[in-house]
Amino acid sequence: MELYEAWKPLLREGTATFSQEFYVKFYQAFIDGGRWQQYLKGVGTTLMATAMALTIGIVLGVIVAMIRTAHDQQRPGHHNPILALLNTVCKIYVTVIRGTPMMVQLLIMGFVIFSSSRNYTLIGALTLGINSGAYVSEIIRGGLMALDPGQAEAGRSLGLNYIDTMRFIVIPQAFKAILPSLGNEFIILLKDTSLITVIGGKELVYAAQAIYGRTYEQMYPLLGIAVIYLVLVIIFSWLLSILERRLRQSDRR
C-alpha cells in the first residue's frame, strides 16, 4: 500500500520506471479497493451461467437428437406423421440456431423477447443453452447414427421400448465416441459466456470493464480475465481427460 501511494505520483508525472509502473497498474487493476472480489464474483457468475447453459444444452440436444434419429431410422414403408412433424420442428430449430450469430441471438433474447426482464445473466444462460443444444444435438445424432443398427434391434428383441433401448444400450455406447466433441463444445460454451456482457450480464468481462472504466487502464484487467479463462479451460480439459481415461479403462475390462 505504501509503495502504491509513493509510486502513483511518479506514474502521473511520467518518471516511473517499468517495475514501478507495472506495480502501480497491477495494484490498481487487482488489489486497490478490493477489486479482486469483482473478478471472483465474475468467475462465480461465469461458472453458474456455464452450468445452466450446459444443462439446457444437453437436455435439448438429447431430445432433438433422439427425435431426428428415430425419424431417420424408421423402417421402410413406415411413416409416423407425428414424428415427421417433430423432426421438421427440430430441423428448423437446428438450422436457425446454427445459421445465426450468437451475438444476434443474445440481443434478440435480451432486448426483444425478454425486454421487460432485468435478470440478464439468466437470459444469457438460457440463450447460450438454446444455442448449445443445436450443436450438441448434431454431435449426439452423429454418434447415434454411427452405431451399428443391430444394437437397437437387439434391445427391441429383448422387449425394451425405443426410449429404454436408447437409454440403456445405444446412448452409453455413443457417449464414449462423442465425448471429445462434446468436451470441445462445452469449452466453447464456457468462453461464450463472455458475450453475456453485451446485454448487461455481470460476468468476468463485465467485471473487467467496470474496473478499467475507473482506472482508464485496459491492459491489466483484460489480461487478467484472459488468464482466468485460460485456467478454467485447462481445468475443464484436465477433468475431461480423466473421464476419457476412465472410460477407456472400463472398455478394457
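A salt bridge is a side-chain nitrogen of Lys or Arg within 4 Å of a carboxyl oxygen of Asp or Glu. The model is predicted: local features need pLDDT of at least 70, side-chain atom pairs count only at pLDDT 80 or more, and totals for chains, interfaces and linings use all residues. Residues are numbered from 1 along each chain as its sequence is written, and side-chain values use heavy atoms, with hydrogens and water left out.

**Exercise 1.** State which secondary structure elements the protein has.

Solution. Helices (H or I, at least four residues) and strands (E, at least two) are DSSP runs, numbered from the N terminus. The protein has ten helices and zero strands.

**Exercise 2.** Find which helices the salt bridge between Arg-68 and Glu-138 joins, and place Arg-68 as buried or exposed.

Solution. Step 1: the two side chains meet at 2.8 Å, N to O. Step 2: Arg-68 lies in helix α3 and Glu-138 in helix α6, so the pair ties together parts that are 70 residues apart in sequence. Step 3: buried means under 20% relative accessible area, exposed over 50%, and partly exposed in between (1.4 Å probe, protein chains only). Arg-68 has a relative accessible area of 11% and is buried.

**Exercise 3.** Extend the picture to Arg-98 and name the network of salt bridges.

Solution. Step 1: Arg-98 also forms a salt bridge with Glu-138, with the closest N and O atoms 3.7 Å apart. Step 2: this pair links helix α4 (residues 81-99) to helix α6, across 40 residues. Step 3: Arg-98 is partly exposed, at 43% relative accessible area. Step 4: the network consists of Arg-68, Asp-72, Arg-98, Glu-138 and Arg-141.

**Exercise 4.** Explain what the salt bridge between Glu-217 and Lys-25 ties together.

Solution. Step 1: the side chains meet at 3.3 Å, N to O. Step 2: Glu-217 is in the loop between α9 (204-215) and α10, and Lys-25 is in helix α2 (residues 18-30), so the pair ties together parts that are 192 residues apart in sequence. Step 3: Glu-217 is buried, with a relative accessible area of 16%. Lys-25 also counts as buried, at 16% relative accessibility.

**Exercise 5.** Work out how many of the contacts in the protein with a separation of 6 or more come from residues 24 or more positions apart.

Solution. Step 1: contact means heavy atoms within 4.5 Å. Step 2: residues 24 or more positions apart account for 71% of these contacts.
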